[in-house]
Amino acid sequence: MEQYLRFKKLIARLKDAGIIESQKDLCKKIGYNEAYLSQIINGKEDISDKFKEKLKSLEANLKQRIIGQDEAVETINAIAKIRYFI
């Protein structure tokens, strides 16, 4: 069950980092439907390796956001958090 609590936190971190606007936006960006994501969040479905790889692809989006030094630190922290959750 801890895995699912961590996943909920991951979604919040992605929102805070400006990578996604909502769970719906996350689904759109990684190519999954909202029903599957809801099942994961509610602990009714296991998180597949393919799904994890799609989440890791968001890391590239974070790296592209690096503009200034302060933003770079925030981006590195966000990447580290994604790796922890996955």
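**Entry 1: burial and confidence**

I began with a working cut-off, by which a residue counts as buried when its relative accessible area is under 20%. By that cut-off Tyr-32 is buried, because its relative accessible area is 19%. I also noted that I am reading a predicted model, so I looked up the confidence before going further. The mean pLDDT of the chain is 75, and 65% of the residues reach 70 or more. Confidence is highest in α2, at a mean of 90, and lowest in helix α5 (residues 69-85), where the mean is 61.

**Entry 2: the aromatic rings**

I next looked up ring pairs, and the count came to 3 aromatic pairs. One of them joins Tyr-32 and Phe-51, whose ring centres lie 4.8 Å apart with 80° between the planes, an edge-to-face arrangement. This pair links distant parts of the chain, since Tyr-32 sits in the loop between α2 (23-30) and α3 (34-41) while Phe-51 belongs to helix α4 (residues 49-64), 19 residues away.

How buried is Phe-51? I found a relative accessible area of 0% for Phe-51, which therefore counts as buried. Phe-51 also pairs with Tyr-36: the ring centres are 5.5 Å apart and the planes stand at 70°, and because an angle over 60 degrees counts as edge-to-face, I entered this pair under that heading. Tyr-36 lies in helix α3 and Phe-51 in helix α4, so this pair ties together parts that are 15 residues apart in sequence. Tyr-36 is buried, as Phe-51 is. I then put the rings together, and Tyr-32, Tyr-36 and Phe-51 form one aromatic cluster.

**Entry 3: helix α2 and its end**

Which residues of α2 are buried? I listed Asp-25, Leu-26, Cys-27 and Ile-30. I looked at Asp-25 separately, and this residue of helix α2 has a relative accessible area of 15%, so it falls under the cut-off for buried. Leaving aside neighbours within four places in sequence, Asp-25 is in contact with Ile-19 and Ile-20. Just after α2 I noted Gly-31, which takes a positive phi of about 80°.

**Entry 4: α2 against α3**

I then turned to how α2 meets α3, and found that the two helices pack at an angle of about 115°, with their axes 9 Å apart. Their crossing is right-handed. On the α2 side the contact is made by Gln-23, Lys-24, Leu-26 and Cys-27, and on the α3 side by Glu-34, Leu-37 and Ile-41. Sorted by kind, the residues of this contact divide into 4 nonpolar, 1 polar and 2 charged. Going back over my list for α2, I saw that Leu-26 and Cys-27 are among its buried residues and also take part in the contact with α3.

**Entry 5: Tyr-4**

My last look was at Tyr-4, which has its place in helix α1 (residues 2-16). Is Tyr-4 buried or exposed? Its relative accessibility is 9%, so I entered Tyr-4 as buried. Which residues does Tyr-4 touch, not counting those up to four places away in sequence? I found Ile-40, Ile-41, Gly-43, Glu-45, Asp-46 and Ile-47. For Ile-41 I also noted the spacing from Tyr-4, which is 37 residues in sequence and 5.6 Å in space, C-alpha to C-alpha. Ile-41 had already appeared in my entry on the helices, as one of the α3 residues in the contact with α2.

Methods
Residues are numbered from 1 along each chain as its sequence is written. This is a predicted model: local features need pLDDT of at least 70, side-chain atom pairs count only at pLDDT 80 or more; totals for chains, interfaces and linings use all residues. Side-chain values use heavy atoms; hydrogens and water are left out. Rings of Phe, Tyr and Trp (its six-membered ring) pair if their centres lie within 6.5 Å; planes under 30 degrees apart count as stacked, over 60 as edge-to-face and the rest as tilted. Helices (H or I, at least four residues) and strands (E, at least two) are DSSP runs, numbered from the N terminus. Buried means under 20% relative accessible area, exposed over 50%, partly exposed in between (1.4 Å probe, protein chains only). pLDDT is the predictor's confidence in each residue, from 0 to 100. Contact means heavy atoms within 4.5 Å. Axes are lines fitted to C-alpha atoms, for helices over the stretch in contact, and angles run from 0 to 180 degrees between N-to-C directions. A crossing is left-handed if the near helix is turned anticlockwise from the far one by less than a right angle, and right-handed if clockwise. Ala, Val, Leu, Ile, Met, Phe, Trp, Tyr, Cys and Pro count as nonpolar, Asp, Glu, Lys and Arg as charged, and the others, Gly among them, as polar.
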